[in-house]
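I opened my notebook to go through this structure one topic at a time. Here is what I looked up, in the order I looked.

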Amino acid sequence: MSLLEIDGLAIALPTRTGVRRLVDGVDLRVEAGEVVGLAGESGSGKTLTALSVLGLLPHGAQTGGQIRFDGRDVLALRRRELRRLRGADVAIVFQDPTTALHPMIDIGTQLTEHLRVHRGVSRKAARARAVELLGLVRLPDSARALDAFAHHFSGGMKQRIAIAIALACEPRLLIADEPTTALDVTVQAGILQLLDRLRRETGMGVVLITHDLAVMNVTADRLYVMYAGRIVEEGATRGVLDSPRHPYTRALLDALPEGDRHGRPLLPIPGEPATPEARPAGCPFHPRCVHARPECSSRVPELVTLAGGRAAACPVDPLRGDGSSVELARHRGG
Ligand code: SF4
């Protein structure tokens, strides 16, 4: 049994003009001690997929499928059970640490509150643990930091504090939603190294959400690429990034401003991402896909298992421009 198992997750939101399908049939696994990346452009469903694990979907959202955390059916949990899950077992770190930290409450109180509510420890023990936690995320002068307020710290330090708060109750799963997007490159590297160290030292599973494949490359063990609410490619990160099997993953890599493009020029992805209001029929990527065929506008491609623990939702191999290698793997049962 995996730490987190998501099967056939569907999320829809009723609106005045109809029901919008935001996430559609997502299957995902996270093991203890593993960093799993969720990549894709804004609006692809990454964050909603992650928020569903915490029961934090927008009001009125309809869900289908199953989410099991440590064997527990998350979608069936009552409000009080969900609160316990959020505080003690699954934690989240958001993109902007400024909004995650209360500006009028000192850091020590924000840190110890979690411990006192979810662990029932004394004020003194909670404070000692808070110093330990700030040391764990390598915040300098951690004892003094407890009496300081958010505005006393830089962006990178605030994100370290937000991570310390998330780790306060020793969660078994950490969801990090674009945790480094608002930070400069050197601070970003420090935060990613911190996440990597923490999962190795604590055995915590991590779901890392980012549109940045360069970040995934150095952090995630496995990668799921999402487009228009679906998983379009998955596999070990190195394999997916070295030889993408879905044209969308290939297009994301070609659009990277830096990195190893083997001399290929930078190519922005044409058009706009498909929105839930105007999702094209057939493969939702077809209006932007350089490999699109006539049948792509009428048939939704299934996620097909390939050799080497890979999967892709496209019959075309973007490295070869035809469907032969996928068909071959299907034939072999790979
Ligand atoms: Fe492109 Fe067609 Fe594959 Fe969709 S199914 S990614 S449109 S080739």
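Before anything else, a cut-off I need: a residue is buried under 20% relative accessible area, exposed over 50%, and partly exposed in between. I also remind myself that this is a predicted model.

**Entry 1: three residues by the cut-off**

I began with H291, and its relative accessibility is 22%, so I write it down as partly exposed. H291 is found in the loop between α11 and β11. I then checked how far H291 is from S243: the two are 48 residues apart in sequence, and their C-alpha atoms are 16 Å apart in space.

R288 lies in that loop between α11 and β11 too. Is R288 buried or exposed? At 6% relative accessibility, R288 counts as buried. I listed what R288 touches, leaving out residues up to four places away in sequence: E41, Y227, I269, P270, G271, E272 and P273. From R288 to A255, 33 residues apart along the chain, the C-alpha separation is 13 Å.

**Entry 2: the aromatic rings**

Y227 turned up among the contacts of R288, so I followed Y227 next. How many aromatic pairs are there? The count comes to three. One of them is Y227 with Y248, a tilted pair with 4.6 Å centre to centre and 55° between the planes. Y227 sits in strand β9 (residues 222-227) and Y248 in helix α11 (residues 247-254), so this pair ties together parts that are 21 residues apart in sequence. I looked up accessibility for both: Y227 is at 3% and counts as buried, and Y248 is buried at 0%.

Y227 has another ring partner, F285: the centres are 5.1 Å apart and the planes stand at 75°, so I note an edge-to-face pair. Here the link spans 58 residues, from Y227 in strand β9 to F285 in the loop between α11 and β11 (304-305). Both Y227 and F285 are buried. Put together, ring pairs join Y227, Y248 and F285 into a cluster.

**Entry 3: around the ligand**

Which residues are closest to the ligand? They are C283, H286, C289, C296 and C314, out of 13 residues that surround it. I sorted the shell by character and got ten nonpolar, three polar and no charged residues.

**Entry 4: the nonpolar cores**

Nonpolar side chains tend to be buried together in soluble globular proteins, so I went looking for cores. The largest nonpolar core has 58 residues, and L111, L134, I163 and L213 touch the most other members. Helix α7 (residues 155-167) gives the most to this core, with six residues. I picked L111 for a closer look: setting aside neighbours within four places in sequence, L111 contacts A130, L133, L134, L146, A164, I165 and A168. Another core lies apart from this one, with 32 residues, among them V26, L51, L54 and L77.

**Entry 5: helix α2**

In helix α2 (residues 79-89), I found L82, L85, G87, A88 and D89 buried. What do the buried residues of α2 pack against? My list reads α1 (46-53), β4 (62-69), β5 (72-73), β6 (90-93), α4 (107-118) and β7 (173-177).

**Entry 6: backbone oddities**

Two residues that are not glycines caught my eye. D70 has a positive phi of about 50°, and its place is in the loop between β4 and β5. At 32% relative accessibility, D70 is partly exposed. R138 has a positive phi of about 60° and sits in the loop between α5 (123-136) and α6 (142-145). R138 counts as exposed, at 56% relative accessibility.

**Entry 7: the whole chain**

I finished with the overall picture. The chain holds twelve helices and twelve strands. Its radius of gyration is 21 Å, which agrees with the value near 20 Å for a compact globule of 334 residues. Along the principal axes, the C-alpha atoms fill a box of roughly 65 × 45 × 40 Å. Buried residues make up 49% of the 334 residues. Of the contacts between residues at least 6 apart in sequence, 63% join residues at least 24 apart.

Note on methods
Residues are numbered from 1 along each chain as its sequence is written. This is a predicted model: local features need pLDDT of at least 70, side-chain atom pairs count only at pLDDT 80 or more; totals for chains, interfaces and linings use all residues. Side-chain values use heavy atoms; hydrogens and water are left out. A nonpolar core is a set of buried Ala, Val, Leu, Ile, Met, Phe, Trp, Tyr and Cys residues joined through side-chain atoms within 4.5 Å. Buried means under 20% relative accessible area, exposed over 50%, partly exposed in between (1.4 Å probe, protein chains only). Helices (H or I, at least four residues) and strands (E, at least two) are DSSP runs, numbered from the N terminus. Contact means heavy atoms within 4.5 Å. Rings of Phe, Tyr and Trp (its six-membered ring) pair if their centres lie within 6.5 Å; planes under 30 degrees apart count as stacked, over 60 as edge-to-face and the rest as tilted. A residue is near a molecule or strand if one of its heavy atoms lies within 4 Å of it. Ala, Val, Leu, Ile, Met, Phe, Trp, Tyr, Cys and Pro count as nonpolar, Asp, Glu, Lys and Arg as charged, and the others, Gly among them, as polar. The radius of gyration is taken over C-alpha atoms; the globule rule is 2.2 Å times the number of residues to the power 0.38.
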